[in-house]
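User: I would like to learn how to read the sheets, helix packings and backbone details of a structure. Could we work through one together?

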Amino acid sequence: MADSKEVASRVLTGEAEAPKETCKGSTSTPAEGGTDSKEFEGAIGGMRDPSKINEEEDSDEEEDDYEDDLDDDDIEDEDDGEDHEGFMSMLQNFIMSKLDLSGHGEVEKVLEEVSVEGVVKYIKSGQCKNIITMAGAGISTSAGIPDFRSPGTGLYNNLEKYNLPFPEAIFDIDFFKSNPKPFFVLARDLYPGAFNPTPSHWFIRLLHEKGLLLRHYTQNIDTLEHVAGLPAEKVVEAHGTFRTSHCIACHKEYSQEWMKEEIFKDNIPSCTECSGLVKPDIVFFRENLPTRFFHLMQSDFPKCDLLLIMGTSLTVQPFAMLINNVPSSCPRLLINREKAGTVDPMMAMLQGMLSSSGSGLALDSPRNTRDVALLGDCDDGCVKLVDMLDWKEDFEKLLTSSKKDDKAE
Ligand SMILES: [Zn+2]
């Protein structure tokens with residue numbers, strides 16, 4: 001099917017792509033079609049072509065046979081082997097959950113009632129101890145970080161300023177190699193540190209303080225989780241980070257301080273060893289996701305007892321697919337402006353035969369026993385939860401302490 005991913009990849013490359021994307025695209029659950037801009041998501045907008053995330057960094061190898069990649073399970077083969085393993089395992093879980101007929105109508109019911117109140121009761125009961133949060137651009141928009149997905153904002157209005165042929169070029173690794181300037185101009189405009197965490201970030205921090213947070217998975221690259229004081233080991237930055245940088249030629253690592261200085265001097269950062277380009281470790285189109293993402297998601301999601309999906313429309317894979325990797329009884333709460341990640345029409349057709357687990361959020365299904373949507377602004381949703389959980393005092397304390405820190409600086 002000519003889904004939006006294909007369209008997006010054609011936009012990016014100017015041509016139809018290798019057979020890989022058909023394979024990966026077919027695993028997509030919640031894609032809603034629509035415009036290709038929808039496919040691009042992340043704190044600074046159009047981050048990535050989701051069909052490219054597992055591909056070789058070097059576009060010269062685009063012609064690689066996908067079969068070869070699959071057969072290559074040599075884990076010593078650096079990131080690639082591991083990423084493919086991780087991806088295949090995720091794919092396997094996804095398919096297994098789809099084919100699992102045993103749970104038909106017998107899934108353990110965790111929530112007393114399938115509602116926000118039910119989720120709050122569940123958290124208060126003390127039975128839930130391993131919350132995973134999955135976040136997208138929506139948790140950072142109130143910080144003032146533009147969401148470039150929306151035409152009429154950000155890059156779409158500033159193609160001339162950034163000297164871009166099309167918005168997504170700014171995160172295209174090949175474009176970057178040939179013309180890195182636009183990226184560094186944007187990086188300067190959006191440099192982490194110029195923004196403050198939002199109530200959503202503080203809510204996640206509070207979950208951690210309460211000892212309830214197993215892990216926070218984010219698609220954002222704005223590092224606001226860290227600014228909000230979440231320990232690094234609790235955060236998985238699925239689309240990379242500005243905190244470290246590497247030379248794209250010799251892979252020498254550079255610190256955030258070094259990169260910041262280069263960016264603010266309007267330099268094109270180049271390697272002190274080999275003069276290669278130095279790039280912040282955010283994931284561009286055609287680059288692999290961080291190995292840490294694949295490692296941790298395999299051990300984290302089976303342990304999850306409450307999944308909070310925050311400020312993401314769940315259109316970017318493989319991130320979006322993670323919602324299916326929690327146990328089939330695990331409640332999932334979506335806090336977002338609109339419904340997302342729901343069962344796609346194809347899947348809905350098969351619902352009669354297949355278990356509802358594993359095919360996206362069952363928000364509108366009569367058989368829904370665990371999926372809840374708290375629709376509206378993500379910050380409002382988090383504040384509402386804080387109220388309902390009677391955590392207001394602790395929440396205020398966190399906010400106040402952060403303001404004190406600001407003054408001290
Ligand atoms: Zn180098």
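User: Across which strands does α14 lie, and at about what angle does α14 run to β8?

Analyst: Please keep in mind that this is a predicted model. A helix that packs on a sheet is read by the strands the helix covers and by an angle. Here α14 lies across β7, β8 and β9, and the direction of α14 makes about 130 degrees with that of β8.

User: What is the strand order of the sheet that contains β7, β8 and β9, and how are its strands paired?

Analyst: A sheet is described by the order of its strands and the sense of their pairing. This one is an open sheet of 6 strands in the order β3-β2-β1-β7-β8-β9, and the pairing is parallel. At its edges stand β3 (235–237) and β9 (371–375), each of which pairs on one side only. On average, and with direction ignored, neighbouring strands of this sheet are turned by 15 degrees against each other.

User: How many bridges join β7 and β8, and which residue of β8 stands opposite M310?

Analyst: Strand β7 (residues 306–310) pairs with strand β8 (residues 332–336) in the parallel sense over 4 bridges. Opposite M310 stands I335 in β8. Helix α5 (residues 116–124) also packs on this sheet, where it touches β7, β8 and β9; the direction of α5 makes about 110 degrees with that of β9.

User: How should one describe the packing of two helices, and at roughly what angle do α9 and α14 cross?

Analyst: Two packed helices are described by the angle between their axes and by the distance between those axes. In this model, the axes of helix α9 (residues 199–209) and helix α14 (residues 378–388) come within 8 Å and cross at roughly 40 degrees. That angle makes α9 oblique to α14. The crossing of the two helices is left-handed.

User: Which residues of α9 and α14 meet?

Analyst: From α9, the residues P199, S200 and F203 take part; they meet C378, D379, C382, V383, L385 and V386 of α14. By class, the residues of this contact comprise 7 nonpolar, 1 polar and 1 charged.

User: In what order do β4, β5 and β6 form a sheet, and why is one side of β5 and of β6 left without a neighbour?

Analyst: The 3 strands form an open sheet in the order β5-β4-β6, with antiparallel pairing. Because β5 (253–255) and β6 (278–282) stand at the edges and each has a single partner strand, one side of each lacks a neighbour in the sheet. The average turn between neighbouring strands here, direction ignored, is 40 degrees. Helix α11 (residues 256–264) packs on this sheet and touches β4, β5 and β6; the direction of α11 makes about 75 degrees with that of β5.

User: Which residues are the bridge partners of H246 in β5 and in β6?

Analyst: A residue is located in a sheet by naming its bridge partners. For H246, the partner in β5 is E253, and the partner in β6 is K279. Strand β4 (residues 240–247) pairs with β5 over 3 antiparallel bridges, while 4 bridges join β4 to β6, also antiparallel.

User: Which residues does the UniProt annotation "binding site" cover?

Analyst: According to the unreviewed UniProt entry, the annotation "binding site" covers C247, C250, C271 and C274. These residues are spread over 28 residues of sequence, yet they cluster in space, with a largest C-alpha distance of 8.5 Å. C247 belongs to strand β4.

User: Where do T223 and P318 lie, and what backbone details do T223 and H251 show?

Analyst: T223, although not a glycine, has a positive phi of about 60 degrees; T223 lies in the loop between β2 (213–218) and α10 (224–227). H251 takes a positive phi near 70 degrees in the hairpin of β4 and β5, which has 5 residues between the strands. P318 is placed in the loop between β7 and β8, and the peptide bond from Q317 to P318 is cis, with omega near 0 degrees.

Notes:
Residues are numbered from 1 along each chain as its sequence is written. This is a predicted model: local features need pLDDT of at least 70, side-chain atom pairs count only at pLDDT 80 or more; totals for chains, interfaces and linings use all residues. Two strands pair if DSSP finds at least two bridges between them. Axes are lines fitted to C-alpha atoms, for helices over the stretch in contact, and angles run from 0 to 180 degrees between N-to-C directions. Two residues are in contact if their C-beta atoms, placed from the backbone, lie within 7 Å. Angles under 35 degrees count as roughly parallel, over 145 as roughly antiparallel, 65 to 115 as roughly perpendicular and the rest as oblique. A crossing is left-handed if the near helix is turned anticlockwise from the far one by less than a right angle, and right-handed if clockwise. Ala, Val, Leu, Ile, Met, Phe, Trp, Tyr, Cys and Pro count as nonpolar, Asp, Glu, Lys and Arg as charged, and the others, Gly among them, as polar. UniProt positions are given in the numbering used here, feature names are shortened, and annotations may be inferred rather than shown by experiment.
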